[in-house]
Amino acid sequence: MIYVDNITKEFKKTIKQPGLLGSFKSLFNPKTEKIKAVDGISFHVPKGEILGFIGPNGAGKSTVIKMLTGILTPSSGTCSIDGRIPQKDRKNYVREIGVVFGQRTQLWWDLPLTETYAVLKEIYEVEDSAYKRKMELLNEVLDLQDFIKSPVRTLSLGQRMRADIAASLLHSPKVLFLDEPTIGLDVVVKDNIRRAIAQINAEEKTTVILTTHDLSDIELLADRIVMIDKGRNVFDGTVGELKQNYGQMRELNFELQRAEDKALLDYGKHFGLGEDDLKVISDGVNVTVRFNSELVPVGDMLSYTLSQVHLSDISVKDADIEEIIRRLYKKEVRIDA
Amino acid sequence: MRRFFRTYLPFSRAGVQMMLAYRSDFLFHLIGEMLMCIVMYFVWFAVFESSNGSTFMGFSMTDMTVYLFISFVTSYLTYSDGAIALGEEIRDGSIVMRMIKPVSFDMTFLFQELGGRCIEVIIALVPMCVCVEAYKFCVTGSVMFNPVCFLLFLLSTVLAYLVSFYFNVCYGFTAFFLKNLWGSNVLKDAIISFLSGSRIPLAFMPPLLQGLLTFLPFASLSYIPVMIYMGMYDGMTIFKSMLLQAFWLLAFWALSKLIWRLAMKRLCVQGG
Ligand SMILES: Nc1ncnc2c1ncn2[C@@H]1O[C@H](COP(=O)(O)OP(=O)(O)OP(=O)(O)O)[C@@H](O)[C@H]1O
Ligand SMILES: [Mg+2]
């Protein structure tokens, strides 16, 4: 459905010279420097899949999304969506897609929400009956009722985001691009939005590309993850594969019978673990130990703990994706993929 | 064609609603311009008083009054601030929200602005024309309203508006390259209002300059419709002038498409 092949994007930044004379000079002889925002990214998304597209700030996620939606032209490489090239025949291409940029709105600032939807209905030539059905569905999942008559500028961020998502789905797009759709939202609204995305994906086989910094979005929604950094591919695979490959970090949680027993535990010294591979957090009788299970097997960790202190409760937690990704972003894990 | 209007008419409706949302801004603006016009009236009144003859370069005081007020509404109606909106959207990157919709930008801006213009025609143009005709009746004692001239005036005003619109779209598109609208719009507007003859009739200018300015696109913006309204042009001149307007419309339309195409190639949308 979506093929991205070795795509790059260079930005030319004009270096502004100071003063009026400077701007005049740079009008005719601009000094530029090139920035490679995207540097050879490839991936493929089959129909009906939800792809989590992640990477640290400035990795180039939004730039890729802009190229896929036809806003920017790649410097080199190609992308095609459902057999179409986004930059060619823009007007027909964008009929097939829905786009939400979390930091912007496609809604009409000064008008009631219903007006924006009415305009979108005409633009996309949505039939009356389909429109009605769609609005009912979106209303149900996203709870638009309470503010659908208010001017958009009076909406809260969460309301606006729900409204924006609804606007991008009105015409039943084949592909949905979401650039940080959960930015700055509370848990309930995040939940609403995730449900809407999951439901649309299930019912209409909509292919979704989603960028986010909230990894629960990824865990709850994404079938697959593509991670990029500095404009290059870093990881491409399922959440399970990510855990398998990089999930050496485990978490041991236990409750001490006596808080002063803490002094008896010195994991660092006993196992010879450095700061990157070990983290101990304690709060009264509760202790959390995060450790690299490749260096120290879970069994050893447990037996050492049990031999040193008396416990009233203990549990071992699997690698959580947040920890893996934190370490990937901080380059603590080598990438050989 | 029906499809076209179904797509873009909602933009006009939105334009009307937006204007109503900011009605006080709009009314104060209109009143401000109106006061300016009245000041100009007294300035010209003083000029005519002090000159010896009842006419000044072929204009009587009555002509001058009609000119002032009609020229005021015409340039008010044909003024297009698409450039500001477009330039601003390019600068802050919100233009992407238009790019992801299956619509032409120029049409969305055009229809949105036309919505507002319809209201202005009703609350500015119609009363102004009634007042001007009443004034002419009082001064000359006879009804001199010419419906044919008036219709041609309307047609020419529409052309003037479209020229103005595409001129401003071209101007706004330069923001793609400069990332900023150079200098102030105030300067641009001041130059245009001088060159277009909406402050001082082009007929008052030295012949050489007058010849040049009549041909330049600026005269198409308001001077031509005003002259038609006042019956200063004969049939042939009207025809030629409107042809000139159509020519400039086509020129700026083509130019805007060209700039757009170039811009798309090297567009950098700003902001994450
Ligand atoms: N219009 C532009 N001109 C110059 N450089 C740009 C432009 N847009 C983006 N960049 C640069 O390209 C790089 C990638 O930016 P991009 O917005 O794609 O990052 P991102 O992955 O979306 O980050 P975030 O998670 O913070 O949103 C950044 O270093 C940014 O400075
Ligand atoms: Mg981004």
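## A residue to start with

Which residue just after H4(A) takes a positive phi? That would be A:Glu125, where phi comes to about 55 degrees. Keep in mind that everything here comes from a predicted model.

The helix just before that residue is worth a look too. Helix H4 of chain A runs over residues 113-123 and is mostly covered, with nine of its eleven residues buried. The buried set is made up of A:Leu113, A:Glu115, A:Thr116, A:Tyr117, A:Val119, A:Leu120, A:Lys121, A:Glu122 and A:Ile123. So what sits over them? Part of the cover comes from chain A itself, including helix H5 (128-142) and helix H6 (157-169). Helix H1 (2-21) of chain B is also among the covering pieces.

## Chain A in outline

Stepping back, chain A has 337 residues, and 52% of them count as buried. The chain holds twelve helices and 13 strands, and its C-alpha trace spans about 70 × 55 × 40 Å along the principal axes.

Chain A is split into two domains. Domain 1 takes in residues 2-8 together with 38-243, while domain 2 covers 248-318. Measuring from centre to centre over C-alpha atoms would be the way to picture their spacing: the two are separated by 42 Å. As for how the chain folds back on itself, take the contacts between residues at least 6 apart in sequence: 73% of these join residues at least 24 apart.

## A strand with cover on both sides

Strand E6 of chain A (residues 175-179) is a good place to look for buried residues. Five of its five residues are buried, so the strand is largely enclosed by the rest of the structure. In a regular strand, side chains alternate between the two faces of the sheet. Here, A:Val175, A:Phe177 and A:Asp179 are on one side of E6(A), with A:Leu176 and A:Leu178 on the other, and both faces are covered.

E6(A) has strand partners as well. Strand E5 (residues 97-101) of chain A runs parallel to E6(A), and five bridges join them. In that pairing, A:Ile97 has A:Val175 as its bridge partner. Strand E7 (residues 207-211) of chain A also pairs with E6(A) in the parallel sense, again over five bridges. There, A:Phe177 stands opposite A:Ile209.

## The loops around helix H7

Follow chain A on from E6 and you reach the loop that leads to helix H7 (187-204), where A:Ile183 has its place. Is A:Ile183 buried or partly exposed? Its relative accessibility is 33%, so it counts as partly exposed. Setting aside neighbours within four places in sequence, A:Ile183 touches A:Gly102, A:Gln103, A:Leu157 and A:Met161. A:Lys149, on the other hand, is 34 residues from A:Ile183 in sequence, with 24 Å between their C-alpha atoms.

A:Glu180 lies in the loop between E6 and H7 too. This residue is not a glycine, yet its phi is positive at about 55 degrees. A:Glu180 has a relative accessible area of 11%, so it is buried. In the loop between H7 and E7 of chain A you'll find A:Lys205, another non-glycine residue with a positive phi, near 55 degrees. A:Lys205 is partly exposed, because its relative accessible area is 47%.

## An open sheet of four strands

Chain A also has an open sheet of four strands, in the order E11-E12-E10-E13, with antiparallel pairing. Strand E11 (278-283) and strand E13 (311-317) are the edge strands, each pairing on one side only. From one strand to the next, the twist averages 15 degrees.

Now for one pair within that sheet. Strand E10 (residues 249-256) and strand E12 (residues 286-292) of chain A are antiparallel to each other, paired over seven bridges. A:Leu252 stands opposite A:Val289 in E12(A).

## Two helices that cross

Last come helix H9 (residues 239-246) and helix H12 (residues 321-329) of chain A, which pack at an angle of about 65 degrees with axes 10 Å apart. The crossing of H9(A) past H12(A) is left-handed.

Which residues meet where H9(A) and H12(A) come together? H9(A) brings A:Val239, A:Leu242, A:Lys243 and A:Tyr246, and H12(A) brings A:Ile321, A:Ile324, A:Ile325 and A:Leu328. Sorted by class, this contact has seven nonpolar residues, one charged and no polar ones.

Key. Residues are numbered from 1 along each chain as its sequence is written. Chains are lettered from A and ligands numbered from 1 in the order in which they are written. This is a predicted model: local features need pLDDT of at least 70, side-chain atom pairs count only at pLDDT 80 or more; totals for chains, interfaces and linings use all residues. Side-chain values use heavy atoms; hydrogens and water are left out. Axes are lines fitted to C-alpha atoms, for helices over the stretch in contact, and angles run from 0 to 180 degrees between N-to-C directions. Helices (H or I, at least four residues) and strands (E, at least two) are DSSP runs, numbered from the N terminus. A crossing is left-handed if the near helix is turned anticlockwise from the far one by less than a right angle, and right-handed if clockwise. Contact means heavy atoms within 4.5 Å. Ala, Val, Leu, Ile, Met, Phe, Trp, Tyr, Cys and Pro count as nonpolar, Asp, Glu, Lys and Arg as charged, and the others, Gly among them, as polar. Domain bounds come from an automatic or database domain assignment. Two strands pair if DSSP finds at least two bridges between them. Buried means under 20% relative accessible area, exposed over 50%, partly exposed in between (1.4 Å probe, protein chains only).
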